[in-house]
Amino acid sequence: MAELDLKATGVRSVNSTLHGLTAGANEQDWLIKNPMGQHAIACGLDAPLNVTIDGHVGFYCGGMNQQAVITIQGHAGVGVAENMMSGQVRVTGSASDAAGATAHGGLLVIEGDASSRCGISMKGVNIVVGGSVGHMSGFMAQSGLLVVCGDASDALGDSIYEAILFVAGKVGSLGADCIEKEMRPEHLIKLADLLEAAGLDQDPARFRRYGSARALYNFDIDNVDAY
Amino acid sequence: MTTEIPPTLPRKSATFDDYTLSEIRRAAATGIYDIRGGGAKRALPHFDDLLFLGASMSRYPLEGYRERCGTKVVLGTQFAKYPIELDIPITIAGMSFGSLSAQAKEALGRGASIAGTSTTTGDGGMTVEERGHSKTLVYQYLPSRYGMNPDDLRKADAIEVVVGQGAKPGGGGMLLGQKISDRVAAMRDLPKGIDQRSACRHPDWTGPDDLAIKILELREITNWETPVYVKISGTRPFYDTALCVKAGADVVVLDGMQGGTAATQDVFIEHVGQPTLACIRPAVQALQDLGMHRKVQLVISGGIRNGADVAKALALGADAVSIGTAALVALGDNDPALEAEYNKLGTTAGAYDDWHEGRDPAGISTQDPELAKRLDPIAAGRRLANYLKVMALEAQTIARACGKSHVNNLEPEDLVALTVESAAMAQVPLAGTDWIPGRSG
């Protein structure tokens with residue numbers, strides 16, 4: 001495994017090295033040492049690399065990721081894997097606000113907790129949180145799956161579109177237009193597959209499903225209080 | 001002798017005028033606020049309230065058509081490896097595919113490219129048509145992130161982080177279901193036919209400190225090659241401009257309340273924000289205080305209509321201007337030739353602003369394939385290019401008359417104001433005096 005010492009070379013050098021790698025590059029496995037909570041580490045990758053970051057990271061780690069598998073051995077700041085298109089980002093610790101925000105694809109796994117607005121405006125990504133999520137998670141979530149193995153705080157799924165939310169623990173409250181829905185067999189299968197892909201040993205039967213009531217999809221003056 | 005009492009004429013209230021009464025009746029009948037496109041329609045202090053002094057005994061003019069008067073401008077010179085070089089200081093503002101037809105977006109790209117300037121994407125992402133037909137394309141990075149992806153980000157010649165819009169500072173967007181075609185729905189990852197709400201603030205950052213980190217991320221992803229603009233609305237231009245600089249913007253785009261939108265509440269358009277004229281000098285002052293004037297470029301938008309407006313904005317300290325509504329008119333929007341069709345929609349040419357309904361007979365603000373194909377993107381692009389070139393020529397004409405060898409050499413000293421209000425806002429003397437309200441005497 002090739003090593004990059006961020007403390008010695010800085011974020012620009014680390015990212016430039018990783019951006020220069022293609023699918024056919026000899027070295028596909030990389031270890032970033034001494035991340036020191038710096039921002040924008042390993043963002044904008046677009047190659048099937050395996051990147052391990054040995055420590056905590058700041059904002060937007062793995063942002064807009066394509067293809068790469070990034071493992072953060074520590075905690076992550078705001079917007080981890082924001083707008084990810086494909087690949088995988090794993091956080092072995094906990095994540096701050098807006099984890100997986102607007103992400104279109106790929107898999108984001110947070111083994112610990114995620115703060116508020118986890119999966120905000122998600123557009124197709126799958127997110128699995130081993131612990132709990134903060135308030136307004138799944139806000140305006142458009143598509144994809146958000147799995148919460150712990151609890152979800154207030155206003156879960158506010159103004160949600162077509163994303164599906166699975167929560168094993170308690171839900172503080174549901175946001176506007178978000179309702180609990182029947183957990184059908186196909187949902188259990190989908191959830192089991194996702195938990196397995198995330199490497200989390202959880203019983204799908206513990207989870208409840210939430211999604212959009214679709215009452216706010218077209219403006220109606222009688223629903224004005226919900227807007 | 002009969003003594004008839006002369007009747008007084010019926011008198012309508014200036015406060016409750018006909019438009020106001022009609023709006024009360026409409027609201028009472030429908031129970032919903034009025035949504036429309038465009039910018040503020042009310043009379044506001046504007047560039048018409050300023051005049052150029054021209055040459056005199058102490059200032060000599062340049063020979064029209066003979067002596068050189070430059071119009072080129074370079075945007076994004078602070079950090080980006082590849083700044084934007086434009087032939088004219090007039091750019092096309094961000095307007096989305098979705099709010100506009102693909103033909104209209106193509107026409108904007110064609111016209112801008114012929115004229116040697118940039119055009120800008122909007123909410124909903126980048127289309128193949130506009131990238132293909134735009135020599136210089138600015139990619140808007142918006143709160144909704146509809147259609148946002150790193151491949152298109154890297155294809156852009158500049159990135160514009162949208163914080164605010166003059167027509168609706170603090171507001172998000174709404175694209176009504178009528179305009180959500182299969183293609184628009186697919187680009188935005190949402191079902192066809194539903195109202196698509198755009199968030200009013202970004203999902204993963206709040207405030208200037210976070211914005212600095214967001215800009216860092218964008219620069220890292222584009223290898224520090226691409227200029228990053230930040231677009232703000234005309235609310236607190238002094239502080240907002242300073243904070244944009246602090247956050248690391250290459251260019252500040254400042255949009256006054258005459259700037260248009262595809263759709264929002266009329267009450268929002270008419271009652272939130274400041275006139276463009278009132279925004280320029282505070283923004284320039286902020287740049288000057290920081291020693292960043294002309295290093296971080298300032299682009300002004302909101303109600304720019306002709307070369308005189310361009311010249312006045314530049315004289316007040318802007319590096320360039322941006323046009324939206326005027327560009328649509330050049331393409332063919334609100335053309336009196338379509339009067340009969342506007343009448344069927346309950347309006348008249350020049351007043352049509354229900355862009356959100358998608359029934360634009362000009363084929364511009366629509367996703368209806370039959371309406372959209374009415375717009376010939378080649379001919380419309382040519383009209384836009386002509387219009388842009390006329391504006392540049394007009395600005396040059398004025399600049400030469402003021403003795404300037406480049407339009408960006410125009411300065412506040414070249415201007416006077418016709419009203420106390422405009423003198424105060426533009427911080428130039430009231431005509432016939434040396435009085436600048438709030439500053440001198």
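Good morning. I begin with chain B, where eight strands form an open sheet in the order β5-β15-β14-β12-β11-β8-β7-β6, with parallel pairing. The edges of this sheet are β5 (90–92) and β6 (118–120) of chain B, each of which pairs on one side only. On average, and with direction ignored, neighbouring strands here are turned by 30° against each other. I should say at once that this is a predicted model.

Let me walk through some of the pairings. At the β5 end, β5(B) and β15(B) run parallel and are joined by 3 bridges. In that pair, I92(B) has I323(B) of β15(B) as its bridge partner. Moving on, β14(B) is joined to β15(B), also in parallel and also by 3 bridges, with S301(B) standing opposite S322(B) in β15(B). The connection between these two strands passes from β14(B) through helix α10 (residues 307–315) of chain B to β15(B), and this β-α-β crossover is right-handed.

Strand β15 itself deserves a moment. In a regular strand, side chains alternate between the two faces of the sheet. In β15 (residues 320–323) of chain B, both faces are covered: A320(B) and S322(B) are buried on one side, and V321(B) and I323(B) are buried on the other. Two of these residues have already appeared as bridge partners, namely I323(B), paired with I92(B), and S322(B), opposite S301(B).

Further along the sheet, β11 (residues 228–233) and β12 (residues 251–255) of chain B pair in the parallel sense over 5 bridges. Here Y229(B) has V251(B) of β12(B) as its bridge partner. As for the helices, α2 (residues 102–115) of chain B lies across β5 and β6 of chain B, and runs at about 160° to β6(B).

Now to chain B as a whole. The chain contains 15 helices and 16 strands. Its C-alpha trace spans about 85 × 65 × 45 Å along the principal axes. What does the radius of gyration say about chain B? For 441 residues, a compact globule would have a value near 22 Å, and chain B has 22 Å, so the two agree. Buried residues account for 56% of the 441 residues in this chain. Of the contacts in chain B between residues at least 6 apart in sequence, 67% join residues at least 24 apart.

One local feature of chain B is the backbone at R294(B), which has a positive phi of about 75° although this residue is not a glycine. R294(B) is placed in the loop between α9 (276–289) and β14 (297–301) of chain B. Is R294(B) buried or partly exposed? R294(B) counts as partly exposed because it has 14 C-beta neighbours inside 10 Å.

I turn to chain A. Its open sheet has 11 strands in the order β1-β2-β3-β4-β5-β6-β7-β8-β9-β11-β10, and the pairing is mixed. At the edges stand β1 and β10 (178–181) of chain A; each has a single partner strand, so one side of each is left without a neighbour in the sheet. Neighbouring strands of this sheet are turned by 15° against each other on average, again with direction ignored.

At the β1 end, β2(A) and β3 (residues 50–54) of chain A pair in the parallel sense over 5 bridges, and I32(A) stands opposite I53(A) in β3(A). Helix α1(A) packs on the sheet, where it touches β1, β2 and β3 of chain A, and its direction makes about 125° with that of β1(A). Strand β1 (residues 2–5) of chain A runs parallel to β2 (residues 29–33) of chain A, with 4 bridges between them. Within this pair, E3(A) is opposite L31(A) in β2(A). The chain passes from β1(A) through helix α1 (residues 6–19) of chain A to β2(A) in a right-handed β-α-β crossover.

Chain A also has a non-glycine residue with a positive phi: S121(A), at about 55°. S121(A) is found in the loop between β6 (107–110) and β7 of chain A. With 31 C-beta neighbours inside 10 Å, S121(A) therefore counts as buried.

Finally, the contact between the chains. Chain A contributes 37 residues and chain B contributes 23 residues. On the side of chain A that touches chain B, the elements giving two or more residues are α1 and β7 (123–129) of chain A. Of these, α1(A) gives the most, with 4 residues. The residues on this side of chain A comprise 16 nonpolar, 17 polar and 4 charged. Thank you.

Notes: Residues numbered from 1 in each chain as written. Chains lettered and ligands numbered in written order. Predicted model: local features only at pLDDT ≥ 70, side-chain atom pairs only at ≥ 80, totals over all residues. Pairing = 2+ DSSP bridges. Right-handed = clockwise from strand over helix to strand, strands pointing away. Contact = placed C-beta atoms within 7 Å. Nonpolar A, V, L, I, M, F, W, Y, C, P; charged D, E, K, R; others polar. Rg over C-alpha atoms; globule rule 2.2 N^0.38 Å. Buried ≥ 20, exposed ≤ 12 C-beta atoms within 10 Å, placed from the backbone. Axes fitted to C-alpha atoms, helices over the stretch in contact; angles between N-to-C directions.
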